[in-house]
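Here is a short set of exercises to work through with the model in view. Try each task first, then follow the solution step by step.

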Amino acid sequence: MDSTNKLKDINEVLNYLFTEFPACFKQKDGIKPLKVGIFKDIAERIEGDERVSKTQVRQALRKYTSNWRYLEAVTKNEFRVDLDGNDAEKIEQEHIEHATKALEESRAKFAKRKKVQKDGEKKSYKKKPFSNDKNTAKGTKFSSNGTKKEKQPRRSTKVEALPSEAVKVNAEVKVKLGQALVKGTITEVNKDDIHVVLVTGMQVKTKADSLFTL
């Protein structure tokens with residue numbers, strides 16, 4: 001089969017599951033907890049389909065089941081569903097408790113990242129006090145006794161490219177987005193495509209040459 005038809009991105013694999021098993025996988029509304037052992041059922045159904053690998057399905061399932069809507073579904077439904085949308089086993093209490101805890105932790109981390117980003121934006125846009133002193137306006141600084149201070153050398157802002165051996169899951173990096181460098185954590189390495197979750201909570205797909213050390 002032509003390799004160009006193979007699914008490469010995890011989101012493409014998720015769309016594949018939405019299309020192949022619409023009674024089981026939902027994008028937004030109607031999400032239901034998946035039957036325990038659903039991976040084995042999927043593997044049997046897609047046997048011979050060269051567009052997607054079992055490894056990709058596992059990765060897609062991890063992303064699908066860590067979504068907030070899915071975790072909420074675990075806490076609000078009584079039964080899990082199979083690939084055809086039929087009720088499977090009843091959800092155990094320990095699974096409900098686990099989903100509740102995971103949901104709370106995920107939301108707390110997101111809120112923390114959002115606060116860090118908001119605080120950073122406030123500092124960036126904070127205006128410096130206005131001065132009518134011409135020398136001060138030009139950047140000349142004076143000490144408390146009025147004597148002129150020597151201009152301090154600027155700190156180096158040089159950033160270093162991330163070494164190839166450091167390109168791995170859970171590595172903390174800086175990602176180049178336009179002219180800005182944003183902190184993030186690598187969540188997936190799929191050949192040349194690298195997925196990073198930014199401190200803002202947004203997920204991006206990039207290349208190794210756009211990653212830098214902290």
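**Exercise 1. Two loop residues**

In which loop is N170 found?

Solution. N170 sits in the loop between α6 (134–137) and β3. Helices (H or I, at least four residues) and strands (E, at least two) are DSSP runs, numbered from the N terminus. Before going on, note that this is a predicted model, where local features need pLDDT of at least 70, side-chain atom pairs count only at pLDDT 80 or more, and totals for chains, interfaces and linings use all residues. Residues are numbered from 1 along each chain as its sequence is written, and side-chain values use heavy atoms, with hydrogens and water left out.

Next, look at the backbone. N170 isn't a glycine, yet its phi is positive, near 80°. Most residues other than glycine have a negative phi. N170 counts as exposed, at 61% relative accessibility (buried means under 20% relative accessible area, exposed over 50%, partly exposed in between, with a 1.4 Å probe and protein chains only).

Now find K191, in the loop between β4 and β5. K191 is not a glycine either, and has a positive phi of about 60°. The hairpin of β4 and β5 has two residues between the strands. K191 is exposed too, with a relative accessible area of 77%.

**Exercise 2. Laying out the sheet**

Walk along the chain, then put the strands of the open sheet in order.

Solution. Start with the count: the chain has six helices and seven strands. Along the sequence the pattern reads α-α-α-α-β-β-α-α-β-β-β-β-β.

Then the sheet. Five strands form an open sheet, in the order β6-β5-β4-β3-β7, with antiparallel pairing. β6 and β7 (211–212) are at the edges with a single partner strand each, so one side of each has no neighbour in the sheet.

Finally, check the pairs (two strands pair if DSSP finds at least two bridges between them):

- β4 (residues 180–190) and β5 pair over six bridges, antiparallel; L198 in β5 is the bridge partner of G184.
- β5 and β6 (residues 203–206) run antiparallel and are joined by four bridges; I194 has T206 of β6 as its bridge partner.
- β3 (residues 172–177) and β7 run antiparallel and are joined by two bridges; V175 stands opposite L211 in β7.

**Exercise 3. A covered strand and an exposed residue**

How many residues of β5 are buried?

Solution. Six of the six residues of β5 (residues 193–198) are buried. Sort them by direction: D193, H195 and V197 point one way, while I194, V196 and L198 point the other way. In a regular strand the side chains alternate between the two faces of the sheet.

Now compare E172, which lies in strand β3. E172 is exposed, at 56% relative accessible area. Leaving aside neighbours within four places in sequence, E172 is in contact (heavy atoms within 4.5 Å) with G184, T185 and L214. E172 and L214 are 42 residues apart in sequence, with their C-alpha atoms 7.3 Å apart in space.

**Exercise 4. Finding the cores**

Which element gives the most to the largest nonpolar core?

Solution. A nonpolar core is a set of buried Ala, Val, Leu, Ile, Met, Phe, Trp, Tyr and Cys residues joined through side-chain atoms within 4.5 Å. Of the 31 residues in the largest one, F21, C24, F25, L34, I42, L61 and Y64 touch the most other members. α1, α2 (38–45), α3, α4 and α5 are the elements that give two or more residues to this core, and α1 gives the most, with six.

Zoom in on L61: leaving aside neighbours within four places in sequence, L61 is in contact with F25, L34, I38, F39 and I42. In α2, the buried residues are I38, F39, D41, I42 and A43. What covers the buried residues of α2 includes α1, α3 and β1 (79–81).

Last step: another core of 11 residues lies apart from the largest one, and among its members are V167, V175, V196 and L211.
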